[in-house]
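Student: Please take a close look at a single part of this structure, the surroundings of the ligand, and go through it step by step.

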Amino acid sequence: MQLPVYLDNNATTRCDPRVVAAMLPFFTEHYGNAASRTHRYGWAAEEAVDLAREQVAQLAGAVKQEIVFTSGATEAINLAIKGVLEAYAAKGRHIVTVETEHKAVLDTCRRLEKQGAAVTLLPVDAGGRIDLAALEAAITPQTILVCVMYANNETGVIQPIRAISDIARRHGVLLMTDATQAMGKIPVNVEADGIDLMAFSAHKMHGPKGVGALYVRRRQPRVRLAAQIDGGGHERGMRSGTLNVPGIAGLGKACELAGAEMAVNAPRMAALRDRLEKGLLAMEATSVNGSTAYRLPNVTNIAFGYTEGNALLTALNRDIAVSSGSACTSALPEPSHVLTAMGLEEELAHSSLRFSVSRFTTEEETDHAIRAVKEAVDMQRKLRIDLP
Ligand SMILES: *Cc1c(COP(=O)(O)O)cnc(C)c1O
């Protein structure tokens, strides 16, 4: 067992060695530009991109003409929201989204708001899910986009995407979803789920960093999108720039593996997560943050009362790699916006840790994590004089 045990798979994952193997030939052997139409080097690259597009489309339930490769989910989200706003400005400039979205969505919306767009942020319940009636009530004749993440990165909570889509469609509004955490872990199907735009990323599903994709619906309805990066007209004009051929080949392979092995990996991860969760909840004053009924199979977010999350992280550094319910973007750690949106007290948000397993996690590792966390929590609580 290698220490510290890696339990931060919602931040990023280990690249699967089979993915690395699929990428390698495109660095030193088939290094052509996929846009070079006049020679073999270009053709080989183009062929690899085409295969990857097929593999990605397959996992999403899409067709390959609907896949636009990007540098990751952040770029795909920016392209989707800004591109729709620009293309549909004549209809209106109102977006409905949710308080618990990833910063890639929230910060994009905030910028657009400064430029004159209107943004409604829906609240969530204690379980982290939106209220469908509140969504419907928020839609106005000016609304052009509903943007709700498939599954949350901090809690794993899954939103009722099909029901959300039904409401959006009834009002003639497009649905965009950030499926970065859902893709490859649970079945996601743009047709069955009624999704119009969907962003995701390779490095959250054992692919390489710096590559992702945006699904853009082509029929019923055909989504119009204004490009946000201009240049050589790559990706059917929606995202110019020489394609990252090795990265795209890696994303394709990662999608193929995730799809082929989901039926094995999802229950296996769920069993490990449940084992970990049960072990940790055996301690007093601990509780799970967010719905456990609607949740990804690989993550648990736990509040450890009477502790401080960042101090726990420091104490646990040698044993496990996890993340806390505080964002250290500034000098003073801010409580997680996701946890506070669910009604968690700031103090308890600061006492929370996120554990996320992967297909590579073992039972030995989760058991080590349980022991280490128990020890660290006990130690911190002993030092407190204000315990009941
Ligand atoms: C990681 C993540 C992103 C950002 O993805 P990048 O590819 O790193 O830009 C966006 N949304 C969610 C839910 C994520 O987990």
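Tutor: What follows describes the ligand site and then the helix that begins there.

The model is predicted. The ligand is surrounded by G72, A73, T74, H102, M149, N153, D178, T180, Q181, S201, H203 and K204. By residue class, this shell divides into two nonpolar, eight polar and two charged residues.

Three polar contacts can be described. A nitrogen atom of the ligand is 2.6 Å from an N or O atom in the side chain of D178. K204 places a polar side-chain atom 2.7 Å from an oxygen atom of the ligand. At A73 the backbone takes part: one of its polar atoms is 2.9 Å from a ligand oxygen. On its own the ligand has 380 Å² of accessible area, and the protein covers 87% of that.

A73 leads on to helix α4, which comprises residues 73-87. The span of this helix can be checked against its length: at 1.5 Å a residue, its 15 residues should span 21 Å, and because the end C-alpha atoms are 20 Å apart, the two values agree. Helix α4 is mostly covered, with eleven of its 15 residues buried. A73 itself is buried, as are E75, A76, I77, N78, L79, A80 and I81. Further along the helix, G83, V84 and L85 are buried too. Buried here means a relative accessible area under 20%, with protein chains only counted as cover. A73 is thus listed both in the shell around the ligand and among the buried residues of α4.

Definitions and conventions: Residues numbered from 1 in each chain as written. Predicted model: local features only at pLDDT ≥ 70, side-chain atom pairs only at ≥ 80, totals over all residues. Heavy atoms only, no water. Helix = DSSP H or I, 4+ residues; strand = E, 2+ residues; numbered from the N terminus. Expected span 1.5 Å × (residues − 1). Buried < 20%, exposed > 50% of the residue type's maximum accessible area, 1.4 Å probe, protein only. Near = heavy atom within 4 Å. Polar contact = N/O pair within 3.5 Å; in protein donor to acceptor, adjacent residues only side chain to side chain. Areas by Shrake-Rupley, 256 points an atom, 1.4 Å probe, with all protein chains shown as cover. Nonpolar A, V, L, I, M, F, W, Y, C, P; charged D, E, K, R; others polar.
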